[in-house]
Amino acid sequence: MSAVDRGRYTCVVQGREAAGQEITAMRARELGRKSVVVGDMVSLVGDASGDQGTLARIVRVAPRRSVLRRSADDTDPVERVIVANAEQLGIVTALADPPPRPRLIDRFLVAAYDAGLAPLLLLTKADLASPDDILAAYNPLGVRYLVTGRPLAEASLDELRALLAGRISVLVGHSGVGKSTLVNALIPEAGRAVGTVSAVTGRGRHTSSSVVALRLPGGGWIIDTPGLRSFGLGHISADRVVQAFPDLAEGVAACPPGCTHLEADCALDAWVGEHDQGGALAARLDSLRRLLRSREGRDDT
Ligand SMILES: Nc1nc2c(ncn2[C@@H]2O[C@H](COP(=O)(O)OP(=O)(O)OP(=O)(O)O)[C@@H](O)[C@H]2O)c(=O)[nH]1
Ligand SMILES: [Mg+2]
Ligand SMILES: [Zn+2]
């Protein structure tokens, strides 16, 4: 299932993706309350010819190999599935306009690790600001990354194609960071609307309003999502959150059993003090603690 709009689901038939044929379907009653999201593999009955004006019915959703979820906020355990069956999470961050928000990056990284998606950091607008600070902060994590700018160099586009080839990738990020711009560069005929970023607020209007999967010319899928201002992690346990900070794992190992990492006996401060170079680890520890506190409703990011 590649898109949904007011109860109408766009589906692409397996094996016929290249032909570009799409089938419009609705939910069958037997699905009950089960959600159908972009990326889901579904079974259709009825008129699946894809002819104009025909409507098939979705009768079954296959077990999902992965689920990207978010909650409304960190204290809300009710989660919403955004995309199913993705393999890679493209965390799109503009280097300026809007400015990078490392704590949002950290949230996406937690979500990626939790969902079993390979994270890929896509740093856009390098024509406006240098990627050095962000790269210094995330290089210790070993997260793969790509820096792009305007004009988009052919070499960067080739590298992006290679990173996405044959896989299902979902792009997430704040509004205006350039997700749809990347999609259009990869798939010129996609014609995804691209927004303007207000010079006053530095905030894009939400240009893309729904999640859409598009087939890549070389195989694989790219999923464009609307900009997210926040990304709640209330559905992820504190342990899982901590595990998503592998760069701090050695310090965590020195903590007392059951350490919440929020109290004075936490060993992380001393460990970071000893191992930090240039403040990157201190920023990550700060980010981790904000996340943990926010989950307890004690603080906000
Ligand atoms: N200078 C510069 N501008 C860029 C670059 N990439 C995208 N833009 C501009 O940034 C603005 C927002 O781009 P979009 O692709 O619409 O951003 P988006 O992430 O899809 O935004 P939403 O759909 O609202 O979530 C547009 O005006 C783009 O032309 C870049 O590398 N450099
Ligand atoms: Mg967009
Ligand atoms: Zn601790």
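A residue counts as buried when its relative accessible area is under 20%, and Cys 259, at 16% relative accessibility, therefore falls into that class. The structure described here is a predicted model, in which Cys 259 is one of the residues that coordinate a zinc ion, ligand 3. The chain is divided into domain 1, domain 2 and domain 3, and 23 residues surround another bound molecule, ligand 1.

**Domains**
- Domain 1 covers residues 3-61, domain 2 covers residues 67-224, and domain 3 covers residues 238-295.
- Between the C-alpha centres of domain 1 and domain 3 there is a distance of 45 Å.

**The zinc ion (ligand 3)**
- The zinc ion is coordinated by the SG atoms of Cys 255, Cys 259 and Cys 266 together with the ND1 atom of His 261, at 2.1 to 2.4 Å.
- Along the chain, these donors follow the spacing C-x3-C-x1-H-x4-C.
- The arrangement of the 4 donor atoms is tetrahedral, because the angles they subtend around the zinc ion are 105 to 114°.
- For four tetrahedral donors at a metal, the ideal angle is 109.5 degrees.
- His 261 has a relative accessible area of 6%, and so this residue is buried.

**Ligand 1**
- Among the 23 residues that surround ligand 1, the closest are Arg 150, Ser 175, Lys 179, Thr 181 and Gly 195.
- By class, the shell around ligand 1 is made up of 13 polar, 5 charged and 5 nonpolar residues.
- An N or O atom in the side chain of Thr 181 is 2.6 Å from an oxygen atom of ligand 1, while for the side chain of Lys 125 the corresponding distance to a ligand oxygen atom is 2.9 Å.
- Val 177 contributes a backbone N or O atom, which lies 3.3 Å from an oxygen atom of ligand 1.
- Ligand 1 exposes 660 Å² when taken alone, and the protein buries 90% of that area.

Note on methods:
Residues numbered from 1 in each chain as written. Chains lettered and ligands numbered in written order. Predicted model: local features only at pLDDT ≥ 70, side-chain atom pairs only at ≥ 80, totals over all residues. Heavy atoms only, no water. Near = heavy atom within 4 Å. Polar contact = N/O pair within 3.5 Å; in protein donor to acceptor, adjacent residues only side chain to side chain. Areas by Shrake-Rupley, 256 points an atom, 1.4 Å probe, with all protein chains shown as cover. Nonpolar A, V, L, I, M, F, W, Y, C, P; charged D, E, K, R; others polar. Donors = N, O, S within 2.8 Å, 3.2 Å for Na, K, Ca; no water. Tetrahedral: all angles 85-135°; square planar, octahedral: opposite > 155°, others 65-115°. Buried < 20%, exposed > 50% of the residue type's maximum accessible area, 1.4 Å probe, protein only. Domains from an automatic or database assignment.
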